[in-house]
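Subject: Handover of a structure and notes on it

Dear colleague,

Please find the structure below, together with its sequence. My notes on it follow, and I would be grateful if you read them with the structure open.

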Amino acid sequence: MESNSAGRPTHMMSFTDAIQNVLMNNYANWDGRASRSEYWWFILFYVIVGAIAGVIDSIVFASDAMDPAAIQMNVGMIAGLALFFPSLCVVVRRLHDLGKSGWWNLLVFTIIGIIPLLIFMVMEGEEHPNQYGEVPTNTLEHDANIHTNY
């Protein structure tokens, strides 16, 4: 584990490692901690998937877009549903990195509560292990991937 004297990781998690960690290793994991880089890389991935799904929907389902009675499962809705749960989990784990309960995520239901949540997501996490676990290392153990060991 590479860390500086303050206990935080010295490097940022890569884009691909963040996506793998959220979707493959922690899809439904509320426990532990998520670093800023893991959180923000996943948010970028979420936005990119949403944009691509929106483009696909506008091309494929353009004729049904004006029909108010047309309720359909389009690509954007499927992508949003698939990524909703892991996005909640990574927010909770990010709050854990700050030493806060995942219940702070309920602030999003108040309009003004979005501001403190955004501030929390930008803040540096605690420099020492807390009640939610060890300091994130921003490193994945690639040899431990169960999907490649047959």
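A helix here is a DSSP run of H or I with at least four residues, a strand is a run of E with at least two, and both are numbered from the N terminus. By that definition, the protein chain has 4 helices and 0 strands. Along the sequence, the pattern reads α-α-α-α. Please bear in mind throughout that this is a predicted model.

Overall picture

The protein chain has 150 residues, of which 31% are buried. Of the contacts in the chain with a separation of 6 or more, 72% are between residues 24 or more positions apart.

The nonpolar core

In soluble globular proteins, nonpolar side chains tend to be buried together. In this model, the largest nonpolar core consists of 14 residues, and those with the most contacts inside it are Phe42, Val90, Leu95, Phe120 and Met121. At least two residues of this core come from each of H1, H2, helix H3 (75-97) and helix H4 (114-122). H3 gives the most, with 4 residues.

Two of these core residues deserve a look in the viewer. Val90 touches Val22, Ala34, Glu38, Tyr39 and Phe42, when residues up to four places away in sequence are not counted. Met121 is found in helix H4, and Met121 counts as buried because its relative accessibility is 3%, where buried means under 20%. Apart from neighbours within four places in sequence, Met121 is in contact with Arg36, Tyr39, Trp40, Val91, Arg94 and Leu95. Met121 and Trp40 are 81 residues apart along the chain, and their C-alpha atoms are separated by 8.3 Å.

In H1, the buried residues are Asp17, Ala18, Ile19, Asn21 and Val22. The buried residues of H1 pack against H2 and H3.

Two buried arginines

Is Arg94 buried or exposed? Arg94, which has its place in helix H3, counts as buried because its relative accessibility is 0%. Leaving aside neighbours within four places in sequence, Arg94 is in contact with Ala34, Ser35, Arg36, Tyr39, Phe120, Met121, Met123, Glu124 and Gly125.

Arg33 lies in the loop between helix H1 (15-25) and helix H2 (36-60). With a relative accessible area of 8%, Arg33 is buried. Which side chain makes a polar contact with the side chain of Arg33? It is the side chain of Asp97, at 2.8 Å. In addition, a polar atom of the Arg33 side chain lies 3.0 Å from the backbone oxygen of His128.

The second largest pocket

The second largest pocket holds about 300 Å³ of space. Its lining has 14 residues, and the closest to its centre are Tyr39, Val91, Asn105, Val108 and Leu117. H2, H3 and H4 are the elements that give two or more residues to this lining. The lining residues of the second largest pocket divide into 12 nonpolar, 2 polar and no charged.

Further residues to inspect

- Asn138 has its place in the segment after H4. The phi of Asn138 is near 65°, a positive value in a residue other than glycine. Most residues other than glycine have a negative phi. Asn138 counts as buried because its relative accessibility is 8%.
- Ala82 has its place in helix H3, and Ala82 counts as partly exposed because its relative accessibility is 38%. The C-alpha atoms of Ala82 and Leu23 are separated by 9.8 Å, with their positions 59 residues apart along the chain.
- Ser58 is found in helix H2, and Ser58 counts as partly exposed because its relative accessibility is 46%. Ser58 and Val75 are 17 residues apart along the chain, and their C-alpha atoms are separated by 9.9 Å.

As you work through these notes, the side chains of Arg33 and Asp97 may serve as a starting point, given their polar contact. From there, you could turn to Met121 and its contacts, among them Trp40 and Arg94.

With kind regards

Terms used
Residues numbered from 1 in each chain as written. Predicted model: local features only at pLDDT ≥ 70, side-chain atom pairs only at ≥ 80, totals over all residues. Heavy atoms only, no water. Buried < 20%, exposed > 50% of the residue type's maximum accessible area, 1.4 Å probe, protein only. Polar contact = N/O pair within 3.5 Å; in protein donor to acceptor, adjacent residues only side chain to side chain. Core = buried A, V, L, I, M, F, W, Y, C linked by side-chain atoms within 4.5 Å. Contact = heavy atoms within 4.5 Å. 1 Å grid on protein atoms, 1.4 Å probe; cavity = no way out; pocket = protein on both sides within 12 Å on 5 of 7 lines; lining within 4 Å. Points joined across faces, edges and corners; volume = space filled by probe spheres on them. Nonpolar A, V, L, I, M, F, W, Y, C, P; charged D, E, K, R; others polar.
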